[in-house]
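Trainee: I am new to this structure and would like to go through it by question. Please show it first.

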Amino acid sequence: MGFEPAPVRRAREQVELQLREAILSGALRSGERLPSEVELARSFGVSRATVREALGRLASAGLISRVPGAFGGSFVRSVDHASLGKALGESIDNTFRFGSISFEELNRVRRLLEVPAAREAALRRGEEDIERLRHNIELQKNASVEDPRLAELDSAFHTAIAEASGNRVLAAFVYALHSVIREVLYLNISPEEGREVVRQHIAVAREIIRGDPEGAARAMEEHLDYIDRLKVWRRRDEG
């Protein structure tokens, strides 16, 4: 039997690896506050700077959140598809704001994800998914184009469809894309255009509830085509 020497890990990597394994194994639970930097440095036998660097890496990976202030600290974040969507959204948002990717690229990926999501939702939706879609549609019917919840309702509708697909990774990506769109851009539509968007949402939901995968995909494609023609999204910093 042959053996190969294993690389010696840096102190930061050792701290990061052990904390990561504790979080992913459930030894450190969601919402739990980690020991202070001083306590961790003492436990690991390293400097506070090393601990701080390891915590920064864990925060970048979305495993912990760091809250400043006397009552702050480092807290374990939930590790599920919802937290994955939030972490993805933050990364995409930073890249988008920096200018490394364009809205057109985001919009294209959205189409590549959401048309298949509608098809899968029609095949796999359950009663809870149906009720969620119906509730969202009712809220949209009663919202005006000036309603500040409009973008959030739109995002929730599309995320609900992705959730109904039964693919949690797909749902995380759809949520991430919409979270970026919702925070950086805003809807600029007339009342009639708003009513048409709701009618299209109703058409998509109807096909999903009926269990017609091709009808759902076609309705989603038509909806996204309509949105693209209107060019209803505007950057918030454009006024």
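Mentor: A salt bridge here is a side-chain nitrogen of Lys or Arg within 4 Å of a carboxyl oxygen of Asp or Glu. Keep in mind that the model is predicted.

Trainee: How many salt bridges does this rule count?

Mentor: Side chains of opposite charge can pair when their charged atoms come close. One such pair is Arg10 with Glu53, whose closest N and O atoms are 3.8 Å apart. By the rule, the count of salt bridges comes to 23.

Trainee: Glu214 forms a salt bridge with Arg119. How many residues apart in sequence are the parts that this pair ties together?

Mentor: The closest N and O atoms of Glu214 and Arg119 are 3.2 Å apart. Glu214 lies in helix 10 and Arg119 in helix 5, so the parts tied together are separated in sequence by 95 residues.

Trainee: Is Glu37 buried or exposed?

Mentor: Glu37 meets Arg48 in a salt bridge, at 3.3 Å from N to O. Buried means under 20% relative accessible area. Glu37 has 18% relative accessibility, so Glu37 counts as buried.

Trainee: Which helix supplies the largest share of the largest nonpolar core?

Mentor: That core has 18 residues, and Leu133, Phe157 and Met220 are among those with the most contacts inside it. Helix 5, helix 6, helix 7, helix 9 and helix 10 each supply at least two of its residues. The largest share is five residues, and these come from helix 10.

Terms used. Residues are numbered from 1 along each chain as its sequence is written. This is a predicted model: local features need pLDDT of at least 70, side-chain atom pairs count only at pLDDT 80 or more; totals for chains, interfaces and linings use all residues. Side-chain values use heavy atoms; hydrogens and water are left out. A nonpolar core is a set of buried Ala, Val, Leu, Ile, Met, Phe, Trp, Tyr and Cys residues joined through side-chain atoms within 4.5 Å. Buried means under 20% relative accessible area, exposed over 50%, partly exposed in between (1.4 Å probe, protein chains only). Helices (H or I, at least four residues) and strands (E, at least two) are DSSP runs, numbered from the N terminus.
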